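Me: I would like to go through some backbone and exposure labels and ask what each one rests on. Please show the structure.

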Amino acid sequence: MMPPAGWMNDPNGLIHFQGVYHLFYQHDPYQSKQGPMHWGHATSRDLVHWEHQPVALAPSEGYDCGPSGGQGCWSGSAVDDNGKLTLIYTGHVDGRTPEEAQCLAVSDDGVTFHKPDDNPVIGDSPDRERFGFRDPKVWKRGDRWHMVVGYGKDGRGQAILYTSSDLRKWEYRGPVLESDGTMGDMWECPDLFPIVEEDNHALIISPMNTGSYKNLYVTGTFDYEGCVFHRKLADQIDYGFDFYAPQTLLDDQGRRIMIAWMNIWGAKMPEQAHGWYGAMTLPRELTLAEDGTLRSRPVKELETLRGEKLSAAGITLADGSLQSVSGVEGQSIELIARFDPEGASEVGLRIFGSPDGKAFAEIRYTADEGKLSMDRTLATEGDGGVSAAPLALLEDGTIELRLFLDRSSVELFAGEGRVAMTNRIYCAREQTGIAFFARGGNARLVSLDAWKLRSIW
Ligand code: FRU
């Protein structure tokens with residue numbers, strides 16, 4: 001999903017409402033850079049084909065509109081309030097005191113929204129000595145609404161909790177979790193949700209100023225009475241450079257589905273020159289594994305994009321060689337490749353290869369480090385760099401990589417949902433080469449299935 005024009009960042013208000021998936025997003029319809037924030041809106045019945053809807057929210061009131069600088073209807077979520085699609089967002093106005101407040105917008109038809117007079121419904125943060133107070137995510141448990149808000153206090157990111165019976169009057173309950181000192185100084189876009197059985201929960205955050213990573217999940221149990229999250233483990237939910245502000249929804253099949261902004265603040269943004277910026281990741285289904293790790297896999301519906309199929313099996317990858325598979329090429333393709341590293345120290349594939357072989361991006365598994373990396377240094381007019389994740393071999397000693405390429409978007413999945421890696425790679429049209437390799441010994445491409453992605457336009 002991309003904006004029809006202009007700027008896009010975070011997904012907002014993800015909800016499956018009366019049979020339709022709604023995806024709102026941070027949007028400036030008038031320019032390809034961040035400006036006064038609106039909420040763009042798209043809907044889908046299958047998570048694959050999206051239809052643009054009129055802009056849902058625009059800055060208009062004292063609490064969400066200012067003369068200049070950062071302002072507007074910042075990130076938030078959506079709920080079904082007795083059949084009324086209701087948005088909860090942060091009104092942000094640079095220089096106003098307080099700068100950030102939580103607000104509602106209500107719709108009768110799912111398309112047009114109005115801001116009630118009760119706004120802002122949470123006018124100020126519990127404490128003025130804080131760094132950020134934004135991005136409310138609301139859910140219902142029993143007959144009570146719960147809201148987590150992103151916060152920072154004394155150099156530590158926090159997710160703080162409010163509860164309400166009517167979405168209008170909110171009671172502050174305290175921090176549900178805070179950084180242990182290594183998890184950033186402000187947690188943007190927190191999302192707290194039950195997964196599998198009721199008291200198992202996951203908290204997803206976009207921490208600021210960690211230095212190295214830009215997203216994190218924490219699994220554990222949530223004690224609603226005491227409002228405390230008991231942490232089991234924490235890890236990255238995506239190891240790529242271009243994955244931020246993920247949000248989830250629960251659909252009518254009981255699936256927990258996550259979509260993130262497929263970009264990152266501060267990156268080179270080549271498409272701005274063409275009047276737009278921003279894309280969403282593919283929707284991913286989240287599950288909780290027995291070991292407490294959160295797994296993410298592309299939703300099943302994406303298989304409807306599969307066009308012509310090409311398969312191969314049992315190909316020996318000789319040490320130092322680069323091997324292509326007839327017909328497997330292009331910039332819009334899904335691949336599932338299973339490798340047996342055998343004696344090789346590195347095995348993987350090159351994508352976006354130029355005809356002269358000088359430009360390419362490389363996805364490689366490094367056996368002695370148990371590491372999966374994506375190196376885009378030689379491929380792109382955007383940012384370079386190598387992203388990496390720990391990856392264990394499957395029980396049978398192989399690794400399976402599932403890869404979606406769609407022009408500048410690259411989404412890689414491995415390790416039975418444990419590893420996801422999302423990167424933007426901006427390369428020339430003629431960089432369509434795909435080739436497999438092994439180094440430091442021979443390896444085997446056990447099987448390969450590739451599908452040209454069908455155009456949905
Ligand atoms: C995250 C974020 C949010 C904020 C929004 C503004 O990318 O900074 O914290 O609400 O973007 O567009």
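Reply: What follows deals with labels on a predicted model.

Me: Why is L47 called buried?

Reply: Buried requires a relative accessible area under 20%. L47 has 1% relative accessibility, so the residue counts as buried.

Me: What makes the phi of L47 worth listing?

Reply: Most residues other than glycine have a negative phi. For L47 the angle is near 70°, which is positive, and the residue is not a glycine. L47 sits in the loop between β3 (38-44) and β4 (51-57).

Me: Why is D154 called exposed?

Reply: The label exposed needs a relative accessible area over 50%. D154 is at 68% relative accessibility and therefore counts as exposed.

Me: What is the phi of D154, and where does the residue lie?

Reply: Phi of D154 is near 50°, again a positive value in a residue other than glycine. The residue belongs to the loop between β10 (144-153) and β11 (156-164).

Me: Which omega goes with the cis label on the bond from T97 to P98?

Reply: Omega is near -5° for that bond, and the peptide bond is cis. P98 is in the loop between β6 (84-93) and β7 (100-107).

Me: What is omega for the cis bond that joins N119 and P120, and where is P120 found?

Reply: The value is about -10° for this cis peptide bond. P120 is located in the loop between β8 (113-114) and β9 (133-141).

Me: Why list cis bonds at all?

Reply: Because most peptide bonds are trans.

Note on methods
Residues numbered from 1 in each chain as written. Predicted model: local features only at pLDDT ≥ 70, side-chain atom pairs only at ≥ 80, totals over all residues. Heavy atoms only, no water. Helix = DSSP H or I, 4+ residues; strand = E, 2+ residues; numbered from the N terminus. Buried < 20%, exposed > 50% of the residue type's maximum accessible area, 1.4 Å probe, protein only.
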